[in-house]
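Reader: I would love a close look at one part of this model, with enough context to know how far to trust it. Could you walk me through it?

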Amino acid sequence: MIRMMRHALHAGRGALCLRSFSETRGEVIEDVLQRTDSARLTNEASLYVHWPYCLRRCSYCNFNKYIPRENNDHTMTECLQRETETLLQLSQVSCITSVFFGGGTPSLAHPSTIAAVLETVSRQANLSDTAEVTLEVNPTPVGRSKLEDFFHAGVNRFSIGVQSLQDEDLKVLGRDHSPQQALLTVAEARRLCPGRVSVDVMFGRPKQSVESWENELSELLRVCDDHVSLYQLTLERGTQLFKQVLEGEVTLPTEEETAEMYLCARKTLHQHGLLQYEVSNFARQNAVSHHNRSYWKGTQYIGVGPGAHGRFVPVGEGGVLREARTQTLEPDIWMREVQQKGHATRRRIQLSHLELLEEVLVMGMRMTEGINHKHWELFSPQLGLHEVFGTSSDVQELLQRGQLILDERGLRCSWEGLALLDSLLPALLVELERRVSLRLQEDEHAKGQTNRTSNTQ
Amino acid sequence: MSLSLVKRWCDTPLLRRVLQFKEYRRKIQSCNMTYTLLRHRWMKRLPVFSSSFRMLSTKTDKDTIDLSKFPVDRIRNFCIIAHIDHGKSTLADRLLEITGAIAKNDKNKQVLDKLQVERERGITVKAQTASLIYSYEGEQYLLNLIDTPGHVDFSYEVSRSISACQGVLLIVDANQGIQAQTVANFYLAFEAQMAIVPVINKIDLKNADPERVESQIEKVFDIPCEECIRISAKLGINIEEVLRAVVERIPPPAASIDEPFKALVFDSTFDHYRGVVANIALFGGRVKKGDKIVSAYLGKTYEVNELGLLRPAEHPTQKLFAGQVGYIIAGMKDVKEAQIGDTLYLQEHPVKALPGFKPAKAMVFAGMYPMDQSEYPALRSAIERLTLNDSSVTVQRDSSMALGAGWRLGFLGLLHMEVFNQRLEQEYNASVIVTAPTVPYKAVLSSPKLIKEHGSEEITVVNPSHFPDRAVVSEYLEPMVLGTILTPDSYTGKIMTLALNRRGIQQNLVYIDDQRVMMKYLFPLNEIVVDFYDLLKSMSSGYASFDYENAGYQAADLIKMNILLNGEPVEELITIVHRERAYNMGKAMCERLKDSIPRQMFEVAIQAAIGSKVIARETIKAFRKNVLAKCYGGDITRKMKLLKRQAEGKKRMRRIGNVEVPKDAFIHVLKRKEK
């Protein structure tokens, strides 16, 4: 049944969209290339689909997730399809470059749900056969047993929430799997999608030491595939862990220790060929996550499902500015709204030119390659990186200290600088705002001059 | 004047003791004291918030009072002085009730304390006046009661009030006995040669021990036990006896109705409908509605539209006579027209102007800044309005690189400063940053060039950044105070250690009864100005009381301490300290800064230095990592918001060299610690 569906799906993905310009291989003159690149900004998008349900609550998680009271998977599936359809139409994108099923615990969804959503996408837009389709997986025995079906439903990349290889730690974190189950799940995923399996690990966990983290990393490196995502546990208000820490039941490693853990992980992973390409992502043999990379590159994305976020231009209703869009948080209400209106967008905020540039900057600087001049020009044809950041004394100081690099390639963090990104960004944002508003004033002034001239005529 | 006073006092049995007191006083106070005692016999502060009076008072005698019925010998001017919480305001409530000035009512609680801060703290800040009419042996007497602040910070109010009176009621709690402020207030009254009526209040309390308190009074003040009146203001016990004592023991004022009209303006308020309401004391003659009066200060002539008594509500009368106090409305349009200290006289009878008020000297200085610079104009007008009614606050514009534009305000003392701040917040809804208080130092210049520049050899330094260099100074002087501490003797040892740590020099120690000790210490004002009182209270479980009076200046080994951030001096943190205390101060400041400057991308050295010598150091280690993972499903909104806020905050940070210091850090270091 599922196989058949997958087959049908493949048939549906007839037309290939141009995934990158290099594929045209032609002799292309510069401005055509530019025009095409900027056209892609609104023609393409990636798609994020949120599955809001979990079986239980992890002690550290404050994300939008719900423990379902009854099984309404069927309605949920229908609504995800419906909203996908509506938003794709609204965005008028012709090509979806990647799909990511996140959650909650999307591996709790029935594989047919995944297939159904992908099918909807294919009906509305081009979804290449080779387009990355990632599913987040909770490495439980049930999750593992469904991997093959997910694969057949169209998923071609698995992101596995291993989090820790310490039994005790997984219990404290409230995870519903053991390290052994996680390892088995990774193995199964690698069998299905060799080279396209990512493992999520978490550091800065309660009672964790630098030494135990090092050991854990070496163990992980023996079993992992070509992609590792490294996250630091953050204490969020309203979580059980927050309460435990507050009451002194649980202690978290100090700032010094987590800094050490991060640096140590960066080194160790590097030694094993896993190159850092973003603050928390490492890949071997270029097995980068295309989906995440498109966030950092500032391309459009459509968010479907309860609480999902999107950034796209609603061309379908005549929009010209990119919007920050948020879907209704609570699943039942979200479903009702989708059933009534076709989508459940709760908040829409138009991004100004400055705000868009701010996002491009903040996201772009997370990558080790940073922001190259051509990429920046796509969003800011008027003000180049040198013009924005070249003259600021604050930025000069960062350059001199070797934390930031601004050269013929573009703007990026140094190895040390990347670990301090959150301290660098405010300085860059201040400068960006100053430059953009200065330019605006100049433009206004120039416009005023022209008007006056024309009036006198 | 004083001769006639002495004559009058000869009739009373007090004089003998007064002379004895004088000697006794000399014994226990070997150092030179400077009172801000002003010698106006009529001076006092009158109600400012007259509108609220009207609501509280009930018109029990509506008919116009014929003030000509009260010649000088039927007038008594008195005030009540006491330590905080000894029941001064409660007694005032009872006196007002019994004389019919206000109706008997359970709600009469601190009727004269109008300000929110007064009611909350149970203290009196502004002296208030109420004229009471009391029948004594078939004769009607006009008793002018002036409720005074209890705290020594407000002693300028107390002394003004006292100088308007011929006698005081000295209230002492029957349970707590004599406290530090009882002593200070006693001496103020004593110096002014007042008749003193000791009243022991709260005799209804379970632990009341009036005998013990009487013997304390006899021992400390040399007033015989039998002169004490035991009362309960709360329950209204023996209040009549207090009123009788006022008539019997306090002499009438010395002013003559035969002289030309001469009145002192001692307070003024502004009423939107009627213009300026000036509070006046008549030094001689009489004044009536329609009279043409002249302000000696401005030379402007006004016509009297309305005048009357304060009971405590405004009570219009036809005339006011010599010896009386009241209010006058005469078409003045601006508060500045009713200059406090001005003399009023009749157009046709010019008189020599009265000396006016000597401004009280500010002894504690603190910077005040708006929380946000956009609030500057609002705060300015609030400070202007507040200082209009409290001329003892000195205002100087100041600005700090970190805190922006603000003021350096001078106060008479710490409580004065706190009360001012609280009134700003409560009455004007202004949120302010108040820096830690400093004291005015003096420097005796040695360089002739500088002396010429400043026009004098001795200069006063209020702002630490203006502290002159040792090289051009022959000596520095610091303000001293004489502190009085009363405590149960079990805490004596601890308190002596504390006093020693604060460079205190013991002047005197006496047992005022078998358990309580009175100690006198000479302290540098700087040492008691920040947290001394809190420490004293906490180490004595709240039993010790403290009060102080200014005691001139003394030479001191003062030095200027700089705080450096990565070698760069921070102007707003320059501190003047005594050499002995420099290390502790420097260390504490470095520690506080370390706690409040966020980590940076490089190491930050915080140093306290004297000249080029570093005396204390703290280090803020550099960040090794400041980046966090995971943007869940493209939700970057939250992250963006956070970064934007940081970017905004960055714009407001103060840069010292390469170190970014948030405003909060300055506030944390400069601000007075919360209790």
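Reader: Let us take chain A as the part to look at: what pLDDT does chain A average, and what percentage of the residues score at least 70?

Author: Happy to help! This is a predicted model, and chain A averages a pLDDT of 88, with 91% of the residues scoring at least 70. Within chain A, the mean confidence is lowest, at 38, in helix 1 (residues 2-12), and highest, at 98, in strand 15 (residues 410-413). The pLDDT stays under 50 over residues 1-33 of chain A, and the model has 38 contacts for that stretch beyond four places in sequence.

Now to a helix pair in chain A. Helix 3 (residues 73-91) and helix 4 (residues 111-124) of chain A have axes that come within 9 Å and cross at roughly 20°. Because angles under 35 degrees count as roughly parallel, helix 3 of chain A is roughly parallel to helix 4 of chain A. The crossing of helix 3 and helix 4 of chain A is right-handed. On the helix 3 side, the contact is made by A:T77, A:L80, A:Q81, A:T84, A:E85, A:L88 and A:Q89. Helix 4 of chain A contributes A:T113, A:A116, A:V117, A:T120, A:V121, A:R123 and A:Q124. Sorted by class, this contact of helix 3 with helix 4 of chain A has seven polar, five nonpolar and two charged residues.

Chain A also meets chain B, and their contact takes 47 residues from chain A and 31 residues from chain B. Between them the two chains bury about 3700 Å², and 57% of that lies on carbon and sulfur atoms. A:E256, A:H309 and A:D422 supply 14% of the area that chain A buries against chain B, more than any other three residues. For the complex, the predictor gives an ipTM of 0.84 and a pTM of 0.65.

A word on the partner, too. Chain B averages a pLDDT of 79, and 80% of its residues score at least 70. Over residues 1-63 of chain B the pLDDT is below 50, and beyond near neighbours in sequence this stretch has 176 contacts in the model.

Chain B has a helix pair to set beside the one in chain A. The axes of helix 4 (residues 88-98) and helix 9 (residues 239-249) of chain B come within 10 Å and cross at roughly 85°, which makes helix 4 of chain B roughly perpendicular to helix 9 of chain B. Here B:L91, B:R94, B:L95 and B:I98 of helix 4 meet B:I239, B:E240, B:V242 and B:L243 of helix 9. The residues of this contact in chain B divide into six nonpolar, two charged and no polar.

Technical notes:
Residues are numbered from 1 along each chain as its sequence is written. Chains are lettered from A and ligands numbered from 1 in the order in which they are written. This is a predicted model: local features need pLDDT of at least 70, side-chain atom pairs count only at pLDDT 80 or more; totals for chains, interfaces and linings use all residues. Side-chain values use heavy atoms; hydrogens and water are left out. pLDDT is the predictor's confidence in each residue, from 0 to 100. Contact means heavy atoms within 4.5 Å. Axes are lines fitted to C-alpha atoms, for helices over the stretch in contact, and angles run from 0 to 180 degrees between N-to-C directions. Helices (H or I, at least four residues) and strands (E, at least two) are DSSP runs, numbered from the N terminus. Angles under 35 degrees count as roughly parallel, over 145 as roughly antiparallel, 65 to 115 as roughly perpendicular and the rest as oblique. A crossing is left-handed if the near helix is turned anticlockwise from the far one by less than a right angle, and right-handed if clockwise. Ala, Val, Leu, Ile, Met, Phe, Trp, Tyr, Cys and Pro count as nonpolar, Asp, Glu, Lys and Arg as charged, and the others, Gly among them, as polar. Buried area is the accessible area (1.4 Å probe) that two parts lose on being put together, summed over both.
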